[in-house]
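Here are some notes for a colleague who is opening this structure for the first time. They are meant to be read with the model on screen, one point at a time.

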Amino acid sequence: MAKVIAGITMSLDGYITGPHDRVGAGLGDGGERLHHWVFGGPWTYDSPRGSPVDVDKDYLDEVFAAGGAWIVGRTMHDVVDGWGDEPGFGVPVLVVTHRPRATIVKGDTSFEFVTDGIADALERARAAAAGKNVIVMGGADLLRQYLAAGLVDEFTLTIAPVLLGAGKRLFDGISRTDITFERTTVIESPFATHLRFRVHLGEKSAGGEN
């Protein structure tokens, strides 16, 4: 059965970016260290990047193979400049935003900008996914909204063994605390630990927009 899967990388001190995230430095100052696991070691925004080691590659391949559509927030889309000319998702990406924009197609990836909130974005993503999983990528505000609304089936928190000291925190401002995370899988790599949880929620639900 198709699921809604959310995931993000966090430092040991709870940050999902370093300070001053911006176009050209989407993970902020020093935030590149969060994604050593994605590129197999140190990398920079303006130089060639490596490939993930086998265990991290297997994890990424599994996520991408099972995903039929992705959901991201407008801030994330903008700070990474839409993932460049060849984003490589290979499936539709729904961008939750307050600012209308026409659909963009880059290579094998389309970006549809949704202004009617997270529920509408999910409905559109499910239709586009054609029976495959919907992946909620982030950033933090969007993840909090989907978790608080009880719309996430599984959540993967990737812990990078670094301290950033400042930046954006994952759970600042979460609107509810009756969310239970049932750990199902732990994947260890030289650069990170991927913790996969099944998500359960109490009776009360809440939602929002990005």
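**Notes on packing and aromatic pairs**

1. A good place to begin is Phe 111, which is buried, with a relative accessible area of 0%. Please keep in mind that this is a predicted model, and that the values below are computed from it.

2. Phe 111 lies in strand 6 (residues 109-114), whereas Trp 83 lies in the loop between helix 3 (74-79) and strand 4. The ring centres of Trp 83 and Phe 111 are 6.1 Å apart and the planes are at 5°, so the pair is stacked, given that planes under 30 degrees apart count as such. Because these two residues are 28 apart in sequence, their pairing ties together separate parts of the chain.

3. Trp 83 also pairs with Phe 89, this time edge-to-face, with 5.2 Å from centre to centre and 90° between the planes. Of these two partners, Trp 83 is partly exposed, with a relative accessible area of 22%, while Phe 89 is buried, with a value of 9%; the cut-off for buried is under 20%.

4. These pairs belong to a wider arrangement, since ring pairs link Phe 64, Trp 70, Trp 83, Phe 89 and Phe 111 into a cluster. The structure as a whole holds 11 aromatic pairs.

5. Turning to the nonpolar interior, the largest core has 32 residues, and those that touch the most other members are Ile 71, Val 136, Tyr 146, Phe 155, Leu 157 and Leu 170. Among the elements that give two or more residues to this core are strand 1 (4-11), strand 3 (67-73), helix 4 (118-129), strand 8 (154-160) and strand 11 (193-201). A second, separate core of 25 residues includes Phe 89, Val 93, Val 95 and Ile 135.

6. Which residues does Leu 157 contact, leaving aside its neighbours within four places in sequence? Leu 157 is in contact with Ile 8, Met 10, Leu 170, Thr 193, His 194, Leu 195 and Phe 197.

7. Helix 4 deserves a separate look, and its buried residues are Ile 118, Asp 120, Ala 121, Leu 122, Ala 125 and Ala 129. They pack against strand 1, strand 3, strand 4, strand 6, strand 7 and helix 5.

8. The length of helix 4 can be checked as well: at 1.5 Å a residue, its 12 residues should span 16 Å, and the end C-alpha atoms are 16 Å apart, which agrees. Helix 4 is followed by Ala 130, whose phi is positive, near 55°.

Technical notes: Residues are numbered from 1 along each chain as its sequence is written. This is a predicted model: local features need pLDDT of at least 70, side-chain atom pairs count only at pLDDT 80 or more; totals for chains, interfaces and linings use all residues. Side-chain values use heavy atoms; hydrogens and water are left out. A nonpolar core is a set of buried Ala, Val, Leu, Ile, Met, Phe, Trp, Tyr and Cys residues joined through side-chain atoms within 4.5 Å. Buried means under 20% relative accessible area, exposed over 50%, partly exposed in between (1.4 Å probe, protein chains only). Helices (H or I, at least four residues) and strands (E, at least two) are DSSP runs, numbered from the N terminus. Contact means heavy atoms within 4.5 Å. Rings of Phe, Tyr and Trp (its six-membered ring) pair if their centres lie within 6.5 Å; planes under 30 degrees apart count as stacked, over 60 as edge-to-face and the rest as tilted. The expected span of a helix is 1.5 Å times one less than its number of residues.
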